[in-house]
Amino acid sequence: MTIRTRQRLIERIRKRLLIRLAVGLMGVLLAMAAGATMFVFWGVYNVSALQQHTEPVYSLLTTALDRSISQRAREIDVPPLDQPGMSERGLRHYRDNCVQCHGAPGVARHDVGKGMTPVPPNLAHTARNRTPAEIF
């Protein structure tokens, strides 16, 4: 076998391999499109707020939430709380916009917050596990 014949053989093998890879990739993409279609259009997975997510979905959402918060918290400079009026403004903002869903120490969630799925976390407990930048 000459070198030229060997090079042609190698080139044919490469082309066949690339074609097989392309066909395999197309098959995977078609399977993903079919799965997405079943998921979204035919309602295979229940996304209504009538029940909690399955454990794998809840775990995926929680992981995405944690990573998103951690990444964005790196860029946040928490304003000092010793500025005049800062604590009062923060308390007013929380009372006006957050208590309904999250509740507060000694204050239960409103009916809207109780009916949400997933249930909004109690932010007093969240403060034990998150940095001030993550909470801010």
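Author: In what follows, Ala, Val, Leu, Ile, Met, Phe, Trp, Tyr, Cys and Pro count as nonpolar, Asp, Glu, Lys and Arg as charged, and the others, Gly among them, as polar. The structure under discussion is a predicted model.

Reader: How many residues of each class are found in the lining of the largest pocket?

Author: The lining has 23 nonpolar, nine polar and four charged residues. The space in this pocket comes to about 1300 Å³. Of the 36 residues that line the largest pocket, Tyr94, Leu123, Thr126, Ile135 and Phe136 are the closest to its centre.

Reader: Which elements give two or more residues to that lining?

Author: They are helix H2 (55-73), helix H3 (86-97), helix H6 (123-129) and helix H7 (132-135). The largest contribution is that of H3, which gives seven residues to the lining of the largest pocket.

Reader: Let us turn to the surface. Which residues form a nonpolar patch there?

Author: A residue qualifies for a patch with over 30% relative accessible area and no salt bridge, and nonpolar side chains are joined within 5 Å. Here the patch is formed by Met38, Phe39, Val40, Phe41, Trp42 and Val44, which together have about 720 Å² of accessible area.

Reader: Where is Trp42 found, and is Trp42 buried or exposed?

Author: Trp42 is found in the loop between helix H1 (3-40) and H2. Trp42 is classed as exposed because its relative accessible area is 64%, and exposed means over 50%.

Reader: How should one read the salt bridges, and how many does a search of the whole structure find?

Author: The general idea is that side chains of opposite charge can pair when their charged atoms come close. The cut-off applied is a side-chain nitrogen of Lys or Arg within 4 Å of a carboxyl oxygen of Asp or Glu. In this model the search of the whole structure finds three salt bridges.

Reader: Where do Glu11 and Arg14 lie?

Author: Both residues lie in helix H1, three residues apart, about one turn of the helix. Their side chains meet in a salt bridge, with an N to O distance of 3.8 Å. Glu11 is partly exposed, at a relative accessible area of 37%, whereas Arg14 is exposed, at 51%.

Reader: Which salt bridge does the side chain of Asp66 form?

Author: The side chain of Asp66 meets that of Arg130 in a salt bridge of 2.6 Å, N to O. This pair links distant parts of the chain, 64 residues apart: Arg130 is in the loop between H6 and H7, and Asp66 is in helix H2. Asp66 has a relative accessible area of 31% and is therefore partly exposed.

Reader: With which residue does Arg95 form a salt bridge?

Author: The partner of Arg95 is Asp96, and the closest N and O atoms of the two are 3.2 Å apart. Asp96 is partly exposed, with a relative accessible area of 44%.

Reader: Finally, consider separation along the chain and in space. What distance separates the C-alpha atoms of Thr62 and Gly35?

Author: Such a reading sets two quantities side by side. Thr62 and Gly35 are 27 residues apart along the chain, and their C-alpha atoms are separated by 22 Å. Thr62 lies in helix H2 and is partly exposed, with a relative accessible area of 29%.

Reader: What distance separates the C-alpha atoms of Gly27 and Pro80?

Author: For Gly27 and Pro80, 53 residues apart along the chain, the C-alpha separation is 55 Å. Gly27 lies in helix H1, and its relative accessible area of 38% makes Gly27 partly exposed.

Methods: Residues are numbered from 1 along each chain as its sequence is written. This is a predicted model: local features need pLDDT of at least 70, side-chain atom pairs count only at pLDDT 80 or more; totals for chains, interfaces and linings use all residues. Side-chain values use heavy atoms; hydrogens and water are left out. On a 1 Å grid over the protein atoms alone, a cavity is a set of points where a 1.4 Å probe fits but cannot get out, and a pocket is an open set with protein on both sides within 12 Å along at least five of seven lines; lining residues have an atom within 4 Å of a point. Grid points are joined across faces, edges and corners, and a volume is the space filled by probe spheres set on the points. Helices (H or I, at least four residues) and strands (E, at least two) are DSSP runs, numbered from the N terminus. Patches are made of residues with over 30% relative accessible area and no salt bridge: like charges are joined within 9 Å, nonpolar side chains (Val, Leu, Ile, Met, Phe, Trp, Tyr) within 5 Å. Accessible areas come from the Shrake-Rupley method with a 1.4 Å probe; for residues, only the protein chains shown count as cover. Buried means under 20% relative accessible area, exposed over 50%, partly exposed in between (1.4 Å probe, protein chains only).
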